[in-house]
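Please open the model in your viewer and keep the sequence panel beside it, since this tour moves from one selection to the next. At each stop, make the selection first and then read what is there.

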Amino acid sequence: MTIQALLGREPAAGRVLDRAVKGTQPSDAEALALAGFADLAPLMAAAAEIRDTGFGDLVTYSRKVFAPLTQLCRNVCHYCTFAQPPRNLAAPFLSPDEVVAIAEAGRERGCKEILFTLGDKPELRYGAAQEALTALGYATTLDYLASVAKLASDKTGLLPHLNPGVMDRAEIERLRPVAASMGLMLESTSDRLCGRGGVHFGSPDKDPRLRLASIAAAGEARVPFTSGILIGIGETRLERIEALLALRALHRRYGHIQEIIVQNFRAKAGTRMATAPEPSFADHLWTVAVARILFGPAMTIQAPPNLSAGALPQLVEAGINDWGGVSPVTIDHVNPEKPWPHLDRLEAETAAAGKVLAERLTAHPTYLADAERWLDPAMKPRALKLADADWLGRAGMWVPGAGAEPGVLERRSPSGARETSSRAALRRAIDRASDGQALSEGEIVQLFQARGDDYWTVCEAADRLRLAVSGSKVAYVVTRNINYTNVCYFRCQFCAFSKGKLSENLRGRPYDLELAEIAGRAREAWERGATEVCLQGGIHPSYTGQRYLDVLAAVKEAVPGIHVHAFSPLEIRQGAETLGMSLRDFLIRLRDAGLGSLPGTAAEILDDEIRQVICPDKLTTDQWLEVVRTAHEVGLPSTSTIMYGHVERPLHWARHLLRLRALASDTGGITEFVPLPFVPMETPIYLKGRSRAGATLREAVLMHAVGRLALNPVIRNIQTSWVKMGQPGAALCLASGANDLGGTLMDESISRAAGATHGQEMTPRRMESTILALGRRPVQRTTLYGEAPAERQRTARDSYEGRPEPAAAASCGSHAAA
């Protein structure tokens, strides 16, 4: 039954569902009234639509290991097999070495979370627990938990999630520095269940008031928190809704509940509830749907996949968007009789419901995006290191510039992607972009967030567009990078290249090349077949605009025929200011002295929200655009770049592309778009724990693909940086919209200073063999995309005859790899 049909048959319930779908959560009274509404179909339909509003086609899970620190517990829940008396255990607690071994096994299998499960304060019931703690050197279980959680995270980088039971605010705050998140199941607010004959009789920590107070204390302590209800333990549907409303009230007050688990009771042999009836699957679906309707589109609703094996697509249809923790290493110690589904199986069942499975971290994206508030300073760097740009779990081991093989990219669904409203919107955006229409910010964000089959849809569309625009050609330019100084008085936090009193002194010694050395390098480049030199450097405190004019004069005097591609917009602005000239006049003077074009570097992210973090004393967005626009107006074309993978999000990428598109539409002066993934290894912002570990491979390939689509037709060339991407990564980009392999470089200092290992030069021979291996046609080009003169091509080939190939060149590049 549809909601519209329900409005005619049961108007009160129909209005509640209709308003919920449109964004108004039911009032408490309206929610309680749903206890008497048993028609599952409209509930599920409404819940699924609400879920799609918040999460689209994404369903998440956390890859984790479970560390049962102790199975001693002072509670005696009648359904539990986890809690055991001392006589049944080899030792009261896992040792530190055992905890680290579990964490290491998880890290080796790609886990990012270690979930500590344990009984509530067992030392208050068992003398054996207190004796064991004393022998270990701790007063309480919570003291020991804090120590081993820190140890496991220090040793492996895994993020601890702690479930130690009822705690007060002081106890929670003591654990906050060693945990990325915590949790406590409310289970139920029914006092009946704590009375004689109830499942919680004899379990002091199951008092609903204590549990609600503990959950509230977590909110006061600003801890990302997991809670939920357990159904089928004697509660009524009305009592379930009362429990959900209690959690909703706490979340509205503190904003800290990151997920609601709707867990179904499973009877276990050896417990007092071994023969108790389990809730029906329909009852579970009903509760999941009601939870979604009560909490709206922003809350993560979870159902454990191992407790409903074989019926997971229906849970998705009821409104869940998360499977919780799934371990490739350890069992579910709370439900040991129910094995985890293999991740391949989980992915397939998620796809059967039309969704894409994605890994998340134990702290959910909303909380990672505001980590200053929600994570302790000790935990934030570890979380950032494991996160991608959507604040989900980082996929694979690939890091820009690090030399790792790409590994498995996004997987296709064996049966193909099921049609959804999100996929239809994605295809409409692709069609519009392919027709040359400008996309909206939201449409570009959707392209960047494509995963699974949708990722391939975007990349293949970009490659079809590339074929239509530039055919099978892949261009490259024989060039030399000359970075004439690494002394710089700006304090860009992403840069490991600059040196000096005001910079972060990292790899290498400061240098400032003499004009004769610069001219000599340009001359050598010409002799090796180069058609251009790319000149850039730090902003040296002694430099004025005259220095740039002198550099230009030295190069043109040494090699009159070479194209000079030089001076970032930052250098242009600084040069003009130091000479007291307008931008236009200084650019004209450079042009007349032989400058041929500008590298579109120093763009980083064209959004001042991000620039205030990564380069607060550098050009603003408007200032960068002003320099480049003025250059185009005086006849100097430029490239364009983006430096991504640090603190920004897909929203900022979209804004960047839209600003480049607007500029190129106005001036026609941008020759190419060059994505430059952040190489993190030696940069100040990464070493200080304030950035992610660079773009993921999926994000890097999508930057090229979405760039091709979003910038069509105003920027016709998409270049991939072999210095950043490596040869295998470059090949993926060339199959996803890119048509340019960048420059041979001869020298490259900036990425290398940041820790890149892909080399300083890729010879024409290696360029062409890389391109031919992809079934494409190599073309040696000029800076402005003409074909290089035959004499230059012959010289380039001849100059490398008999010379060994430079080591470690394995990727696809920009002129200035900055």
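Two strands are said to pair if DSSP finds at least two bridges between them, and the strands themselves are DSSP runs of E with at least two residues, while helices are runs of H or I with at least four residues, both numbered from the N terminus. This is a predicted model, in which local features need pLDDT of at least 70 and side-chain atom pairs count only at pLDDT 80 or more, whereas totals for chains, interfaces and linings use all residues. Residues are numbered from 1 along each chain as its sequence is written, and side-chain values use heavy atoms, with hydrogens and water left out.

**First stop: a sheet of four strands**

Select residues 479-483, which are strand β11, together with β12, and you will find the two paired in the parallel sense over 5 bridges. Within this pair, Arg480 has Val533 of β12 as its bridge partner, and Ile482 stands opposite Leu535 in β12. Now add residues 563-566, strand β13, which pairs with β12 over 4 bridges, also in the parallel sense; here Leu535 stands opposite Ala566. To get from β12 to β13 the chain passes through helix α21 (residues 545-558), and this β-α-β crossover is right-handed, a term meaning that, with the strands pointing away from the viewer, the path from the first strand over the helix to the second runs clockwise.

Widen the selection to the open sheet, whose order is β11-β12-β13-β14 with parallel pairing. Its edge strands are β11 and β14 (595-597), each of which pairs on one side only. Helix α20 (residues 515-527) packs on this sheet and touches β11 and β12, and its direction makes about 170° with that of β11; such angles run from 0 to 180 degrees between N-to-C directions, the axes being lines fitted to C-alpha atoms, for helices over the stretch in contact.

Are the residues of β12 buried or exposed? Buried means under 20% relative accessible area and exposed over 50%, with partly exposed in between (1.4 Å probe, protein chains only). In β12 (residues 532-536), 5 of 5 residues are buried, with Glu532, Cys534 and Gln536 pointing one way and Val533 and Leu535 the other. In a regular strand the side chains alternate between the two faces of the sheet.

**Second stop: a helix and its ends**

Select residues 208-220, helix α9, whose 13 residues should span 18 Å at 1.5 Å a residue, and whose end C-alpha atoms are indeed 18 Å apart; the expected span is 1.5 Å times one less than the number of residues. Its buried residues, among them Pro208, Arg211 and Ile215, pack against α8 (169-175), β5 (225-231), α10 (237-254) and β6 (257-264). At the N-terminal end Asp207 caps the helix, with a side-chain oxygen 2.8 Å from the backbone nitrogen of Arg209. Just after α9, look for Arg222, which takes a positive phi of about 60°.

**Third stop: one threonine**

Finally, select Thr671, which lies in strand β16 (residues 670-677) and is buried, with a relative accessible area of 17%. Contact means heavy atoms within 4.5 Å, and, leaving aside neighbours within four places in sequence, Thr671 is in contact with Pro637, Ser638, Thr639, Asn717, Leu784 and Tyr785.

Notes: Polar contact = N/O pair within 3.5 Å; in protein donor to acceptor, adjacent residues only side chain to side chain.
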